[in-house]
Amino acid sequence: MAKKGEARELVTLKCSVCNERNYRVEKNKTNTKDRLELNKYCNRCQKHTLHKESKDNK
């Protein structure tokens, strides 16, 4: 049996409107090969916007 969290990695989501990095989430890299795109709340824009997985996951 695999260890818990072995296939998971932390990724950073950034706002597609203002490009601010707002969220750090885990994704399962074996099940989800492509980049994450989620509608999340951006504090800078003060509304819900599309957040995409950024290239540099710092």
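**Salt bridges, strands and a cysteine pair**

The side chains of E20 and R44 come together in a salt bridge, with 3.7 Å from N to O. E20 belongs to the loop between strand 1 and strand 2 (21–28), and R44 to the loop between strand 3 and strand 4, so this pair ties together parts that are 24 residues apart in sequence. Please keep in mind that this is a predicted model. Searching the whole structure turns up two salt bridges, and the rest of this briefing walks through the other one, the strands and a few individual residues.

**Charged side chains**

- E20 is partly exposed, at 29% relative accessibility, while its partner R44 is exposed, at 56%.
- E53 and K27 also meet through their side chains in a salt bridge, at 3.1 Å from N to O.
- That pair links distant parts of the chain, since E53 sits in strand 4 and K27 in strand 2, 26 residues apart.
- Both E53 and K27 are buried.
- K40 places its charged end over the ring of Y23, 4.6 Å from the ring centre.

**Strand pairing**

- Strand 1 (residues 8–15) runs antiparallel to strand 4, and three bridges join them.
- Within this pairing, L13 has E53 of strand 4 as its bridge partner; E53 is also the residue that forms a salt bridge with K27.
- Strand 3 (residues 37–42) pairs with strand 4 as well, in the antiparallel sense and over six bridges.
- Y41 stands opposite H48 in strand 4.
- Strand 3 and strand 4 make a hairpin with four residues between them, and in the turn Q46 has a positive phi of about 65 degrees.
- As background, side chains in a regular strand alternate between the two faces of the sheet.

**Cysteines and aromatic rings**

- The structure holds zero disulfides.
- C18 is in no disulfide, and the nearest cysteine sulfur, that of C42, is 3.6 Å away.
- The C42 sulfur is too far from that of C18 for a bond, because the two are 3.6 Å apart and a disulfide calls for cysteine sulfur atoms within 2.5 Å.
- C42 counts as buried, with 0% relative accessibility.
- Aromatic pairs number zero in this structure.

**A closer look at S54**

- S54 is found in the segment after strand 4 (47–53).
- S54 is buried, and its relative accessible area is 3%.
- Leaving aside residues up to four places away in sequence, S54 touches T12, K14, R21 and R35.

How values were computed
Residues are numbered from 1 along each chain as its sequence is written. This is a predicted model: local features need pLDDT of at least 70, side-chain atom pairs count only at pLDDT 80 or more; totals for chains, interfaces and linings use all residues. Side-chain values use heavy atoms; hydrogens and water are left out. Helices (H or I, at least four residues) and strands (E, at least two) are DSSP runs, numbered from the N terminus. Buried means under 20% relative accessible area, exposed over 50%, partly exposed in between (1.4 Å probe, protein chains only). Contact means heavy atoms within 4.5 Å. Rings of Phe, Tyr and Trp (its six-membered ring) pair if their centres lie within 6.5 Å; planes under 30 degrees apart count as stacked, over 60 as edge-to-face and the rest as tilted. A charge sits over a ring if NZ of Lys or CZ of Arg is within 6 Å of the ring centre and within 35 degrees of the ring normal. Two strands pair if DSSP finds at least two bridges between them. A salt bridge is a side-chain nitrogen of Lys or Arg within 4 Å of a carboxyl oxygen of Asp or Glu.
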